[in-house]
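Colleague: Please take a close look at the largest enclosed space in this model and the strands around it. Start with a residue beside that region, and give each cut-off once as you go.

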Amino acid sequence: MNEFSEDIYTEPSTVDINTLDNLGPLRALAGTWEGTRGLDIKPKADGPRKQAYVERIELAPIDPVTNGPQLFYGLRYVLIVNKPDNVKTYHEQVGYFLWEPATKTVIQTLAIPRGQIAMAQGTVEPDAKSFELVAKQGDANHGILSNPFLEYGFRTVEYRIKVTVNDDGSWAYDEDTVMLIRGKENEPFHHMDRNLLNKIAEPLPNPMARR
């Protein structure tokens, strides 16, 4: 049985333009954040290696988005990671966190400048303080795509992110990116990243709404 209506064109008749009031479990993430206690566990030829990092992430509300009857509220994000005391960017990522109230679905889209994109999703209650999103290679709805070299040497087969909002207003994430490394395909490598984020600025609406 199809879960969608036959009418794929008609948009909702009333949509609240105030995104911050309609973000469900994503509301606590809106704003600009810094983390100074990041830990990255990455693959190297001689085995796993730990790397400390600091990061800054901006999560800005976007205006409501419709796909015919489907309605999303969301946050656009830009994430910059550095090794401590190192100017050169260690990791960069852009994307969206989206909330679909009708289905209680959170989606994360992400793109990194290594030639890789992914879309992870999960079912989340509107007042949840913790949630997990998953993407799997080959899944038509929440999958992972990599450039030919990454597919050859470091094939990513699964991505998970768990977000936890703390009582003091901070939030934390734990990421697990499962990779099949060339020559060690029978030993999946769990590329782990985690950090605690503290707010340094409140979120801003789109430029036109600031006037």
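Modeller: Two residues count as in contact if they have heavy atoms within 4.5 Å of each other. The model is predicted, so local features need pLDDT of at least 70 and side-chain atom pairs pLDDT 80 or more, while totals for chains, interfaces and linings use all residues. Numbering runs from 1 along each chain as its sequence is written, and side-chain values use heavy atoms, without hydrogens or water.

Thr-32 lies in strand S1, residues 31-42 (strands are DSSP runs of E, at least two residues, numbered from the N terminus). Its relative accessibility is 11%, so Thr-32 counts as buried (under 20%, with a 1.4 Å probe and protein chains only). Beyond its neighbours within four places in sequence, Thr-32 touches Arg-56, Ile-57, Glu-58, Asn-198, Lys-199, Ile-200 and Ala-201.

Ile-57 also helps to line the largest cavity, together with Tyr-77, Leu-79, Gln-93, Phe-97, Gln-108, Ile-161, Trp-171, Tyr-173 and Glu-175. A cavity is a set of points on a 1 Å grid where a 1.4 Å probe fits but cannot get out, and lining residues have an atom within 4 Å of a point. There is one cavity of 30 Å³ or more, and the largest has a volume of about 70 Å³. Its lining consists of seven nonpolar residues, two polar and one charged. Strands S3 (70-82), S4 (89-100) and S10 (171-181) each supply at least two lining residues, and S10 gives the largest share, three residues.

Trp-171 and Tyr-173 from this lining are both buried. The model has four aromatic pairs. The ring centres of Trp-171 and Tyr-173 are 6.3 Å apart and the planes meet at 50°, so this pair is tilted (centres within 6.5 Å; planes neither under 30 degrees nor over 60). Ring pairs join Trp-171 and Tyr-173 with Trp-33 in a cluster.

S3 and S4 run antiparallel and are joined by ten bridges (pairing takes at least two DSSP bridges). Asn-82 has Thr-89 in S4 as its bridge partner. The two strands form a hairpin with six residues between them, and Asp-85 in the turn has a positive phi of about 65°. S4 is also joined to S5 (residues 105-112), antiparallel, by seven bridges. Here Val-94 is bridged to Ala-111 in S5. Four residues separate S4 and S5 in their hairpin, where Lys-104 in the turn has a positive phi of about 55°.

Key. Buried < 20%, exposed > 50% of the residue type's maximum accessible area, 1.4 Å probe, protein only. 1 Å grid on protein atoms, 1.4 Å probe; cavity = no way out; pocket = protein on both sides within 12 Å on 5 of 7 lines; lining within 4 Å. Points joined across faces, edges and corners; volume = space filled by probe spheres on them. Nonpolar A, V, L, I, M, F, W, Y, C, P; charged D, E, K, R; others polar. Phe/Tyr/Trp six-rings, centres within 6.5 Å; stacked < 30°, edge-to-face > 60°.
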